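Here are my notes from a pass through this one. Have it open while you read.

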Amino acid sequence: MDAAMVDRLAAGEGWALLQSLPPYDESGSLHLQERLREAGFAADLVAAAMTQSRLRRRGVEKFGDFAAGMLFTPDGLEQSTRLAVAARHAHRYAAAGVRDVHDLGCGLGADAMAFAGLDLTVNAVDADAATARIAAVNLRHWPSARVTHGLAEDVQLPQGEGRRHLGLWLDPARRTPGVADVNGRTRRVFSLDAISPSWSQVLSFAEAVPATGAKLSPAFRHGSVPTGAEAQWTSWHGEVLECAVWWGPLVATRGRSAAVCTETSTSVVTENDATDGADHPGLASLNNLGEWLYEPDRAVIRAGLTGALVAAVDGAELAAGVGYVTSALHRELPWARRFRVVEAMPLSTKHLARWLRDQGHDRVTIKKRGVTVDADVLRRQLKMTGRGKGGSEATLVLTRVGGGQVALVVTPA
């Protein structure tokens with residue numbers, strides 16, 4: 001969608017058309033488009049409005065009721081910050097005494113909406129003209145927010161007293177403009193030097209303005225965390241969404257941290273929590289396996305903080321880097337799942353298949369980490385087809401212990 005179409009959709013006939021559409025229904029979309037064209041609406045405007053209707057339906061999951069009054073692009077919606085997570089970002093700035101936020105690379109304006117919602121002044125910038133206009137539409141309810149089209153690198157920041165309550169938020173572009181994958185989505189980039197603005201430019205911004213935050217990929221390397229900064233991996237219902245790096249007064253705890261979020265709770269795990277369990281050796285053999293198996297949230301694993309789980313349950317990681325922790329203790333943790341170990345054995349398809357049949361199982365759920373086993377191939381080899389002949393389902397954990405591959409049969413606790 002180009003800037004001209006954004007303008008047509010955002011005013012007059014286009015906006016009235018968009019707001020009049022019923023909830024999006026894929027099965028009836030072609031018929032509705034035909035009716036609208038027959039009613040005299042231009043074909044390109046109808047197509048754009050229908051696309052927005054479809055994206056708004058998808059946007060509800062991230063933006064709730066706000067989605068009904070927003071404009072989107074497919075890539076922008078996929079990359080945009082979930083509103084609940086954006087609110088966590090905004091509260092950092094407000095708590096640090098920031099009053100004026102420059103949102104450099106604002107995208108559709110999700111974070112800017114959260115900043116403005118806390119009565120912060122927002123100066124948002126995006127390098128794409130159409131995206132900047134979309135953000136302006138999405139921020140129209142907040143007089144304290146303004147959006148301009150331009151490069152983050154070209155923004156003239158306030159000087160002197162104007163920097164006293166200034167904060168920067170950067171969301172560097174992590175996709176290659178004009179290069180799409182097989183699904184039509186803009187291709188991702190993974191190198192810190194390939195993002196825009198680049199990592200070196202982000203560091204320059206942080207040096208100039210102490211209250212700086214940057215949204216980066218969950219694949220951000222631990223070794224790239226700047227001295228004195230905080231890198232926080234955030235998950236939402238177990239899906240890791242981002243790694244945000246914070247500087248200066250925005251830092252809550254220096255080093256790596258993980259935020260495990262749902263609609264009703266947030267749990268934060270830090271390097272301090274992991275200190276006592278960080279150097280604990282892995283399990284020597286299956287003979288040392290405890291009654292319970294714990295699996296930390298993926299944000300905790302991404303942040304390299306499995307040691308916090310080892311310390312919390314007085315246990316041991318099965319093998320370095322796999323994330324699974326065994327313990328004899330029964331503990332409730334909001335950022336880890338607990339399973340009871342039913343059976344444990346070296347990974348042998350023949351022996352595992354016999355054990356499953358003897359126990360009356362005819363289908364399996366497979367979880368794996370630290371092994372190269374193809375779960376679908378193994379399921380066929382075990383003849384666990386899921387057809388269901390009165391049998392039951394088993395949960396298998398495939399991982400490593402003492403240098404060898406093992407299979408654990410577990411039940412959720």
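Which residues does Arg82 touch, not counting those up to four places away in sequence? I start there and then move on to the strands, the cores and the cysteines. Keep in mind throughout that this is a predicted model.

1. Arg82. The residues it touches are Glu61, Lys62, Trp236 and Leu241, leaving aside anything up to four places away in sequence. Arg82 sits in the loop between helix H5 (74–79) and helix H6 (83–95). Despite being a loop arginine, Arg82 counts as buried because its relative accessible area is 8%, against a cut-off of under 20%.

2. Strand E1. Have a look at residues 100–104: five of the five are buried, so strand E1 is largely enclosed by the rest of the structure. Side chains in a regular strand alternate between the two faces of the sheet. Here both faces are covered, with Asp100, His102 and Leu104 buried on one side and Val101 and Asp103 buried on the other.

3. Neighbours of E1. E1 runs parallel to strand E4 (residues 166–170), joined to it by five bridges. Five bridges also join E1 to strand E2 (residues 121–126), again parallel. Asp100 is a handy residue for checking the register: its bridge partner in E4 is Leu166, while in E2 it is Thr121. Going from E1 through helix H7 (residues 110–117) to E2, you trace a right-handed β-α-β unit.

4. Helix H8. This helix (residues 129–138) is mostly covered, with seven of its ten residues buried. Those seven are Ala130, Thr131, Ala132, Ile134, Ala135, Val137 and Asn138. What do the buried residues of H8 pack against? The list is helix H1 (3–9), helix H2 (12–20), H7, E2 and strand E3 (145–149). Check the start of H8 as well, where a side-chain oxygen of Asp128 comes to within 3.3 Å of the backbone nitrogen of Ala130.

5. Nonpolar cores. The largest core has 53 residues, and the members touching the most others are Leu21, Phe63, Phe72, Tyr93 and Phe115. Helix H4 (residues 43–63) supplies the largest share of this core, seven residues. Taking Leu21 on its own, its contacts are Leu32, Leu36, Ala49, Met50 and Ser53, not counting residues up to four places away in sequence. There is also a second, separate core of 44 residues, and Val125, Val155, Ala258 and Val325 are among its members. For background, nonpolar side chains tend to be buried together in soluble globular proteins.

6. Cysteines. How many disulfides does a search of the whole structure find? The count is zero. Why is Cys261 unbonded? The closest cysteine sulfur, in Cys243, is 13 Å from the sulfur of Cys261, too far for a bond. Cys261 is also buried, at 2% relative accessible area. Cys106 counts as buried too, with 8% relative accessibility.

7. Antiparallel pairing. Strand E15 (residues 336–346) is worth a look for its pairings. With strand E12 (residues 292–296), E15 pairs in the antiparallel sense over five bridges, and Pro296 stands opposite Ala336. With strand E18 (residues 404–412), E15 pairs over seven bridges, again in the antiparallel sense. There, Phe339 has Pro412 as its bridge partner.

Note on methods:
Residues are numbered from 1 along each chain as its sequence is written. This is a predicted model: local features need pLDDT of at least 70, side-chain atom pairs count only at pLDDT 80 or more; totals for chains, interfaces and linings use all residues. Side-chain values use heavy atoms; hydrogens and water are left out. Buried means under 20% relative accessible area, exposed over 50%, partly exposed in between (1.4 Å probe, protein chains only). Helices (H or I, at least four residues) and strands (E, at least two) are DSSP runs, numbered from the N terminus. Two strands pair if DSSP finds at least two bridges between them. A crossover is right-handed if, with the strands pointing away from the viewer, the path from the first strand over the helix to the second runs clockwise. Contact means heavy atoms within 4.5 Å. A polar contact is a pair of N or O atoms within 3.5 Å; within protein, one must be able to donate a hydrogen and the other to accept it, and residues adjacent in sequence count only if both atoms are side-chain atoms. A nonpolar core is a set of buried Ala, Val, Leu, Ile, Met, Phe, Trp, Tyr and Cys residues joined through side-chain atoms within 4.5 Å. A disulfide is a pair of cysteine sulfur atoms within 2.5 Å.
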